Amino acid sequence: MSENHEYSGPIPDKSSLSLRGDCENCFGLCCASLPFAASADFAIDKDAGQPCHNLQSDFRCGIHTSLRQQGFRGCTVYDCFGAGQKVSQVTFGGHDWRQAPGSAKQMFEVFPIMWHLHELLFYLTEALALQPAQSIHDALRSALDETERLTLLSPDSLMELDVAAHRADVNALLLRTSELVRAEASRQQKNHRGRQKTYGRGADLVGANLRGADLRAANLRGAYLIAADLRGANLRVADLIGADFRDADLRGADLTESIFLTQAQLNAAKGDVNTKLPPSLTRPAHWSTL
């Protein structure tokens with residue numbers, strides 16, 4: 001499709017359950033498929049394909065209400081973007097790996113692949129809702145449709161899929177979206193261009209003092225903001241795709257209109273009632289205890 005044609009179809013709803021984890025319709029795939037190591041985020045080591053000892057027979061977590069207190073903070077910041085229920089209910093037709101143990105290995109291997117695809121669906125859906133990127137909406141819609149088609153492949157076909165190549169193609173569109181949106185924001189803000197912060201992808205801002213910083217329309221793609229002080233910072237229209245917010249202090253920060261921010265990123269950070277969020281995201285429950 002020509003990138004000069006403006007997309008005029010319906011904008012998908014990012015808050016749709018299809019792009020959010022629905023544990024009631026998943027076979028505990030994140031608890032069984034993924035590995036983790038004993039650390040500040042996990043109390044124990046667990047190999048990939050080994051069900052967590054907290055996973056019950058009904059695929060519910062036995063310590064769900066006290067994960068942080070029992071050393072499983074990492075579980076509280078994870079989001080599968082709906083990949084779990086897609087693999088459970090669509091790819092494997094509702095047949096769980098306990099009832100059909102022969103499918104367990106393949107199901108566990110397909111899940112991370114589906115996670116990548118659903119994460120891309122999440123970002124593409126947001127990109128289609130950003131009006132400054134109208135000039136590439138046709139290309140974004142085409143990429144979204146193709147990604148959705150890939151999620152419906154058979155288990156064998158998903159295993160053969162070159163996810164990295166598809167992700168690279170989509171990322172090029174997301175980067176262009178970011179450039180268009182941030183450029184428009186800069187034009188609308190008087191004297192803003194001279195104050196705009198630009199960081200290279202993966203910028204090392206671990207523990208950085210960014211309190212009260214003007215980061216409007218900043219490029220923070222993949223930035224390491226672990227334990228950074230962002231209290232009162234202005235992050236409106238900042239590109240936050242892949243930014244690591246673990247233990248970042250977002251109290252009083254303004255993240256409204258920030259782009260490509262996920263719930264998992266917020267869950268990993270610290271914040272309070274004064275932190276301003278995009279309407280599609282929710283204030284993490286643990287913020288109230290900070």
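This report describes selected helices, cysteines, single residues and one pocket of a predicted model.

## Two helices and their surroundings

Helix H3 runs over residues 83–91, and 7 of its 9 residues are buried, so the helix is largely enclosed by the rest of the structure. The residues concerned are Ala83, Gly84, Gln85, Lys86, Val87, Ser88 and Thr91. Four helices pack against these buried residues: H1 (29–33), H4 (104–128), H5 (137–151) and H6 (155–160). Just after H3, the backbone at Gly93 adopts a positive phi of about 60°.

Helix H7 covers residues 163–188 and contains 26 residues. From its first C-alpha to its last, H7 reaches 37 Å, which is close to the 38 Å expected at 1.5 Å a residue. Its buried residues are Val163, His166, Val170, Leu173, Leu174, Thr177, Ser178, Leu180, Val181, Arg182, Ala185 and Ser186. The elements that cover the buried residues of H7 include H4 and H5. H4 and H5 are also among the helices against which the buried residues of H3 pack.

## Cysteines

A disulfide is a covalent bond between the sulfur atoms of two cysteines. With a cut-off of 2.5 Å between the two sulfur atoms, the count for this model comes to 0 disulfides. Two cysteines illustrate the point. The sulfur of Cys52 has its closest cysteine sulfur in Cys31, at 6.3 Å, and this is too far for a bond. For Cys61 the closest cysteine sulfur is likewise in Cys31, at 6.1 Å, again too far for a bond. As to their surroundings, Cys52 is buried, with a relative accessible area of 10%, whereas Cys61 is partly exposed, with a relative accessible area of 25%.

## Selected buried residues

The following table lists the relative accessible area and the place of several residues that count as buried.

| Residue | Relative accessible area | Place |
|---|---|---|
| Ser33 | 4% | helix H1 |
| Ser66 | 17% | loop between H1 and H2 |
| Phe81 | 4% | loop between H2 and H3 |
| Ala217 | 0% | loop between H7 and H8 |
| Asp254 | 12% | loop between H7 and H8 |

Ser33 counts as buried because its relative accessibility of 4% falls under the limit of 20%. Which residues does Ser33 contact, when its neighbours within four places in sequence are left aside? They are Ala48, Gly49, Phe108, Phe111 and Pro112.

Ser66 can be described by its separation from Thr76, a residue 10 places away along the chain. The C-alpha atoms of Ser66 and Thr76 are separated by 9.9 Å.

For Asp254, a similar description uses Arg216, which is 38 residues away along the chain. The C-alpha atoms of Asp254 and Arg216 are separated by 9.5 Å. Leaving aside its neighbours within four places in sequence, Asp254 is in contact with Ala233, Asn234, Leu235, Arg236 and Lys276.

Phe81 and Ala217 deserve attention for their backbone angles. Phe81 has a positive phi of about 55° although it is not a glycine. Ala217, which is not a glycine either, has a positive phi of about 60°. Phe81 lies in the loop between H2 and H3, while Ala217 lies in the loop between H7 and H8.

## The second largest pocket

The second largest pocket of the model has a volume of about 780 Å³. How many residues line this pocket? Its lining is made up of 30 residues, and those nearest its centre are Val77, Asp244, Arg246, Ala264 and Ala268.

Several helices take part in this lining. Helix H2 (73–76), H4 and helix H8 (263–268) each supply at least two residues. Which helix gives the most to the lining of the second largest pocket? H8 does, with 4 residues.

The lining can also be divided by residue class. It has 13 nonpolar, 7 polar and 10 charged residues. Among the residues nearest the centre are Asp244 and Arg246, and both Asp and Arg count as charged. Val77, Ala264 and Ala268 also lie nearest the centre, and both Val and Ala count as nonpolar.

How values were computed
Residues numbered from 1 in each chain as written. Predicted model: local features only at pLDDT ≥ 70, side-chain atom pairs only at ≥ 80, totals over all residues. Heavy atoms only, no water. Buried < 20%, exposed > 50% of the residue type's maximum accessible area, 1.4 Å probe, protein only. Contact = heavy atoms within 4.5 Å. Expected span 1.5 Å × (residues − 1). 1 Å grid on protein atoms, 1.4 Å probe; cavity = no way out; pocket = protein on both sides within 12 Å on 5 of 7 lines; lining within 4 Å. Points joined across faces, edges and corners; volume = space filled by probe spheres on them.
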